[in-house]
Structures are given as structure tokens and as C-alpha cells.
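Me: Could you take a close look at one part of this for me, the nonpolar core and whatever sits around it? I'd like one connected walk-through rather than a list.

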Amino acid sequence: MTAEPEKPKLDCREVLEEVYLYLDEECSDRRRGVIRDHLEECSPCLSEYGIEQEVRAIVHRCCSQEKAPDEVKARLRQKLSAVEQVSEIFSEVAERDRRTH
């Protein structure tokens with residue numbers, strides 16, 4: 001009998017970055033399990049997930065007949081990732097400025 005590999009632990013930032021992939025079932029079953037386990041154990045993330053789930057439900061009701069092409073989804077993910085990276089850089093610079101002033 002082979003032991004199942006241990007599921008990796010995610011930090012809150014990783015979970016919240018992937019919550020839309022989780023909601024849209026666009027990640028692997030294993031990844032969904034890891035995210036679900038984190039949400040069950042972390043009340044702040046579960047609260048945030050609940051908000052995200054509500055937004056997703058509203059969008060689904062309004063746009064349920066329309067499906068974005070895979071290329072559009074990929075471009076959107078890339079742009080959102082780039083925006084997040086820039087935001088993190090600005091936050092780091094602002095924090096550094098606060099410490100020096």
C-alpha cells in the first residue's frame with residue numbers, strides 16, 4: 001500500500017490569489033482539495049471566500065449564458081498577476097519610505 005503524498009500547506013495570500021480558480025473549478029482536484037482544506041481551517045480566508053463566492057454568484061446570474069474564450073481568460077490572469085506584482089512593489093516602496101521618514 002502506497003501512502004498518499006502529503007498535501008502542501010498554503011498561506012492565506014496564495015489561497016486568496018487562487019479563490020477564483022477554485023470557484024470556477026479551473027484548478028486540479030488535488031489543488032482544490034488543498035484550497036478547500038485551508039478554507040475549512042482559516043476563518044479569515046473563509047470569510048473572504050464567502051464574499052468572493054457572492055460576487056461570483058452575482059456575475060454568474062448576470063452572465064451565465066456567456067463564456068469567455070480560454071485566450072481571454074489567460075490574458076486576464078496575466079494582467080491581474082502583473083497588477084498584483086506592481087501593487088506589491090508599490091507597497092514595499094511605501095513601507096520603506098515610512099521607515100526612513
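Reply: Let's fix one cut-off before anything else: a residue is called buried when its relative accessible area is under 20%, exposed when it is over 50%, and partly exposed in between. C27 is at 16%, so it counts as buried. Keep in mind that this is a predicted model, with an average pLDDT of 78 and 85% of the residues scoring at least 70.

A quick word on the setting. The protein has five helices and zero strands, so from the N terminus the order simply reads α-α-α-α-α. Out of 101 residues, 17% count as buried. Among contacts with a separation of 6 or more, 63% link residues 24 or more positions apart.

Now the core itself. C27 belongs to the largest nonpolar core, which has twelve residues; the others are L10, V15, V19, Y22, L23, V34, I35, L39, C42, C45 and Y49. Three elements each give two or more residues to it: helix 2 (19-23), helix 3 (29-41) and helix 4 (43-63).

Helix 3 is a good place to linger, as it has the highest mean pLDDT of the elements (86), while helix 4 has the lowest (74). Helix 3 has 13 residues and spans 18 Å from first to last C-alpha, close to the 18 Å you'd expect at 1.5 Å a residue. Its buried residues are R32, G33, V34, I35, H38 and L39. In a helix of this kind, there are 3.6 residues a turn, so residues three or four places apart point the same way.

Follow H38 out of helix 3 and you get to the cysteines. H38 counts as buried at 12% relative accessibility, and beyond its neighbours within four places in sequence it contacts L10, D11, C12, V15 and C45. Looked at from the other side, C45 touches C12, L16, H38 and L39, again leaving out residues up to four places away.

With C12 and C45 touching, you might wonder about a disulfide. A search of the whole structure finds zero. The sulfur of C12 has its closest cysteine sulfur in C45, at 3.4 Å, which is too far for a bond because the cut-off used is 2.5 Å. C12 is also partly exposed, at 34% relative accessibility.

Over on another side of helix 3 there's a charged residue to look at. E18 is in the loop between helix 1 (12-17) and helix 2, yet it is buried, with a relative accessible area of 17%. Beyond residues up to four places away, it touches R31 and I35, and I35 is one of the core residues. With R31 there's also a side-chain to side-chain polar contact, at 2.6 Å.

Finally, the link that leads into helix 3. E25 is in the loop between helix 2 and helix 3, and its phi is near 55°, a positive value in a residue other than glycine. Most residues other than glycine have a negative phi. Unlike buried E18, E25 counts as exposed, at 58% relative accessibility.

Definitions and conventions
Residues numbered from 1 in each chain as written. Predicted model: local features only at pLDDT ≥ 70, side-chain atom pairs only at ≥ 80, totals over all residues. Heavy atoms only, no water. Buried < 20%, exposed > 50% of the residue type's maximum accessible area, 1.4 Å probe, protein only. Core = buried A, V, L, I, M, F, W, Y, C linked by side-chain atoms within 4.5 Å. Helix = DSSP H or I, 4+ residues; strand = E, 2+ residues; numbered from the N terminus. Contact = heavy atoms within 4.5 Å. Expected span 1.5 Å × (residues − 1). Polar contact = N/O pair within 3.5 Å; in protein donor to acceptor, adjacent residues only side chain to side chain. pLDDT = per-residue confidence, 0-100.
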